[in-house]
Amino acid sequence: MLEVSGLSAAYGAVAALEDVHLRVAGDQVVCLLGANGAGKTTTLNCISGIVPVRRGRVLFEGEDVTNRLPEQIVRRGVVQVPEGREIFPRLSVEDNLRLGGWTQRRHRSWRDDLARVHDLFPRLRERAHQPAGTLSGGEQQMLMVGRALMARPRLLMFDEPSLGLSPLLVRQLFAIIARIHRAGLPILLVEQNARIALAASAYGYILENGEITLHGPADRLAADARVRHAYLGG
Amino acid sequence: MLMLKLLQAAASGVVTGCIYAMIALSVVIIYKATEIVNFAGGELVMVGAWLGLLLVGYFGLPRPVMLLAVPVVLFVLGAAFDRLALGRIARRRPSRRLEHATLVVATIGLSNLLKGAVRGIPYTQEVRRLPPLIGGAPIFVGDVVLERQDLAIVALAAVVMLALWAFFRYTLPGKALRATSQNARAAALVGIPVAGMRMSVWGLAASLSGLAGVMLAPKLLLTPDMGDVVTLAFAAAIIGGFTSLPGCVVGGAILGIMQNLVGTFIAPQAIAVTPFFVIMLVLLLRPQGLFGDTVGVRRV
């Protein structure tokens with residue numbers, strides 16, 4: 001499905017990623033773990049076409065999408081739910097969602113897509129006409145997930161979805177991620193919270209200083225002494 | 001008599017105010033979309049005016065054709081400038097702050113380029129004036145005299161500004177433009193072509209300036225330096241808060257009316273200082289302008 005090989009990226013002279021390999025198979029949740037600044041977000045942004053790839057390739061469904069424009073990558077179905085509050089604050093909640101479907105705007109089916117997102121997040125239906133900037137942090141996170149679904153993704157990438165959310169909201173969000181996955185969508189999950197990410201994933205990669213240092217099935221990673229020590233608090 | 005003078009000054013003020021508002025809108029939509037202050041806004045007005053005169057006075061085209069052709073040509077000009085100059089500079093991306101300063105300087109370059117280009121055309125060597133958009137006897141409302149052409153200017157400006165408002169408020173491409181100006185990164189991540197949006201904004205802004213030029217041309221002598229009128233548009237934009245589209249319209253109207261009142265009741269020589277006086281007054285009472293966001297200092 002998604003295959004990243006030999007990926008390198010840099011900000012100016014500072015190397016951010018060095019020879020990163022990772023794969024997401026057709027029906028998996030795969031997580032990418034690592035400390036702050038390890039290069040997790042950069043990896044996603046390289047795949048999304050926001051950060052230029054210096055060396056290496058990104059293949060999606062067998063097609064080379066390295067360094068394509070972000071809009072071309074979204075149109076192919078690789079959609080990112082970014083970290084933080086990356087919404088359009090002064091547009092209504094509904095307009096935020098509609099713009100999520102920008103690449104699908106010529107299709108008549110956006111109303112169905114919107115109805116599906118509203119079923120998944122009833123809160124967004126209640127708040128459809130208020131400015132997105134007035135939503136709470138958790139609601140904004142939901143809005144970004146809904147917005148990504150409006151693009152009819154074939155692979156969904158989450159960047160730190162748990163960041164800044166209460167434990168209750170994190171549980172709700174991961175329940176929704178699991179539900180989206182069960183509906184048949186492969187997921188690449190970037191997280192600092194290794195415990196919850198490994199529990200949700202089938203396979204995991206550990207990124208340290210821009211390089212993949214360890215990878216394997218999620219249950220084996222969760223049992224690995226080094227992972228337990230560095231990421232699971234003992 | 002006093003009342004009549006007052007009404008007459010207000011009526012004339014609304015006409016020039018409409019033109020200031022259109023130029024201010026042109027400057028502000030670029031600023032909102034790209035954070036660039038477009039110093040070539042006035043020269044786009046000037047090019048629009050000369051182009052209108054050329055099409056009507058030299059090629060003898062009917063006026064409605066000219067009114068359609070000018071915004072189309074200016075759209076292409078604005079979009080091309082973004083694509084060929086600003087796009088290239090932005091792609092080199094030395095650093096964000098340096099880039100921003102370079103882009104602003106590039107608009108000053110465009111301003112000089114356009115002035116030079118218009119001066120180079122032999123037709124522009126003589127001082128000319130665009131014949132009125134509509135002829136005919138003035139209309140009296142009570143004792144207030146309204147030129148037909150002034151009514152046409154106000155009507156055209158109203159239609160254009162309403163269309164612009166509806167475009168940003170109700171259409172998906174309009175919302176995509178607003179989204180891009182609110183959060184360019186998020187816009188890219190949902191698949192909105194950010195570079196294309198920027199180019200469209202430049203095209204749209206240049207169209208607005210060009211149309212303003214056509215409206216201004218019958219009231220003013222045409223010279224390659226007539227772009228200086230942009231100072232008044234900046235004033236209108238600042239009064240309105242510089243990030244608010246309704247603010248441009250209100251700011252333009254206030255400025256136009258104030259200028260005419262000052263000209264009528266104080267002294268014609270005082271008209272030139274009026275904008276600065278109004279700006280100082282507004283900024284003293286409301287530093288963010290009438291409709292602006294909260295005040296922040298930005299280093300350029």
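This passage describes the fold of chain A and selected salt bridges. The model is predicted; local features need pLDDT of at least 70, side-chain atom pairs count only at pLDDT 80 or more, and totals for chains, interfaces and linings use all residues. Residues are numbered from 1 along each chain as its sequence is written, chains are lettered from A in the order in which they are written, and side-chain values use heavy atoms, without hydrogens and water.

Chain A contains 10 helices and 10 strands (DSSP runs: H or I of at least four residues for helices, E of at least two for strands, numbered from the N terminus). Its C-alpha atoms fill a box of roughly 50 × 40 × 35 Å along the principal axes. Of its 234 residues, 55% count as buried (under 20% relative accessible area; exposed is over 50%, partly exposed in between; 1.4 Å probe, protein chains only).

Salt bridges number 18 over all chains (a side-chain nitrogen of Lys or Arg within 4 Å of a carboxyl oxygen of Asp or Glu). One of them pairs B:Arg185 with A:Glu86, with closest N and O atoms 3.0 Å apart. B:Arg185 lies in helix α7 of chain B and A:Glu86 in the loop between β6 and α3 of chain A, so this pair joins two chains. B:Arg185 is partly exposed at 27%, whereas A:Glu86 is buried at 16%.

A:Asp95 and B:Lys175 form a salt bridge at 2.9 Å, N to O. This pair also crosses between chains, from helix α3 of chain A to helix α6 of chain B. Both residues are buried.

Within chain A, A:Arg123 and A:Glu139 meet at 2.8 Å. A:Arg123 is partly exposed; A:Glu139 is buried. A salt-bridge network links these two residues with A:Glu126 and A:Arg127.
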